[in-house]
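Colleague: Please walk me through this model. I will ask short questions, and I would like short reasons.

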Amino acid sequence: MVNKKNSISLSNDTAYLSGLIIGDGNLSNYTKSKTDLSRDYRIYIDLSDFEYVYYLEKLIKSLIITKSKPVQAKQRGIRKPRLILQIRNKELFQFLNEVMEIPKGNKCAIIRVPNIILNSSSSIKKSFVAGYFDADGGFRSGTIGFTSASNKLLEGISLLLNEFNIDHSMEKWINKKYGKEYYGIRIKKNQIVNFLNRFRLRNKNKLDIITNRFFCGGAGVAKRDR
């Protein structure tokens, strides 16, 4: 499945990266400057897990040629340090925007699972879900799961979880801070091993935290389903 406008194709790596961008990234909706009105093809990733950001840097550099490197975010007060990875690349930007249907600018409430993912192979679907979880998944009331401002996104994720027989529940609530409706997915606690076996997480620190919490350092977690 190749985008006719560029050479970047759908693969396990680009599906994974797309899930990550949907969860914790952004495509610029600006021009380069006030005087240069050409499109700014900036892909922005902001994460606190330094080891994981450097992994993503290597992944992106396996797809495109770029000299971009992570830089530490400027922050006020005592906060957990964060790294920002900004990539400017027209080919990758257009792939993410046009093929993977990731909107430019604010995407929180309108993002959804790309149609190309829903109609792809099992391997591609697994990579996409793993990327999304590595970016935006975490603990949910004694288990693991997802939260989002986009109901359409979590409906799509639920379809994929059902396809791989991951028992889960869906919920919604009003976020009092923002006055907006939010949505969640909780993986049934007895399905955590099944989830980790199905979807190969690449965020080592997040995986270690999950296994240490639920499986005493990994006991009971089966060999990964590739």
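**Helices, sheets and core**

Colleague: Helix 5 lies across which strands, and at about what angle does it run to strand 6?
Modeller: This is a predicted model, in which local features need pLDDT of at least 70, side-chain atom pairs count only at pLDDT 80 or more, and totals for chains, interfaces and linings use all residues. Residues are numbered from 1 along each chain as its sequence is written, and side-chain values use heavy atoms, with hydrogens and water left out. Helices (H or I, at least four residues) and strands (E, at least two) are DSSP runs, numbered from the N terminus. Helix 5 (residues 122-136) lies across strand 5 and strand 6, and its angle to strand 6 is about 90 degrees.

Colleague: How is that angle defined?
Modeller: Lines are fitted to C-alpha atoms, for helices over the stretch in contact. Contact means heavy atoms within 4.5 Å. The angle is then taken between N-to-C directions and runs from 0 to 180 degrees.

Colleague: What is the strand order in the open sheet that has strand 5 at an edge?
Modeller: Two strands pair if DSSP finds at least two bridges between them. Strand 5 (138-140) and strand 7 (168-175) are the edge strands, each pairing on one side only. The pairing is antiparallel, and the order of the four strands is 5-6-8-7.

Colleague: Which residue is the bridge partner of Arg140?
Modeller: Strand 5 and strand 6 (residues 143-148) run antiparallel and are joined by three bridges. In strand 6, the partner of Arg140 is Thr143.

Colleague: Why do the buried residues of helix 8 line one face?
Modeller: Buried means under 20% relative accessible area, exposed over 50%, and partly exposed in between (1.4 Å probe, protein chains only). In helix 8 (residues 204-215), the buried residues are Lys206, Leu207, Ile210, Thr211, Phe214 and Phe215. The arc is that of the directions from the helix axis to the C-beta atoms. Seen down the axis, the buried residues of helix 8 line one face because they fall within an arc of 125 degrees.

Colleague: What do those buried residues of helix 8 pack against?
Modeller: Helix 8 lies across strand 5 and strand 6, running at about 35 degrees to strand 5. Its buried residues pack against helix 5, strand 5, strand 6 and helix 7 (192-198).

Colleague: Which helix gives the most to the largest nonpolar core?
Modeller: A nonpolar core is a set of buried Ala, Val, Leu, Ile, Met, Phe, Trp, Tyr and Cys residues joined through side-chain atoms within 4.5 Å. The largest has 60 residues, and Ile117, Phe146, Ile157 and Phe195 touch the most other members. With seven residues, the top contributor is helix 5.

Colleague: Is helix 1 largely enclosed or exposed?
Modeller: Helix 1 covers residues 12-24. Its buried residues include Tyr16, Leu20 and Ile22. Since 10 of its 13 residues are buried, helix 1 is largely enclosed by the rest of the structure.

Colleague: Which residue in strand 4 is the bridge partner of Ile43?
Modeller: Another open sheet of four strands has the order 1-2-4-3, with antiparallel pairing. Within it, six bridges pair strand 2 (residues 42-47) with strand 4 (residues 83-88). The partner of Ile43 is Ile87.

Colleague: At about what angle to strand 2 does helix 3 run?
Modeller: Helix 3 (residues 90-99) packs on the sheet and touches strand 1, strand 2 and strand 4. Its direction makes an angle with that of strand 2 of about 75 degrees.

Conventions
The expected span of a helix is 1.5 Å times one less than its number of residues.
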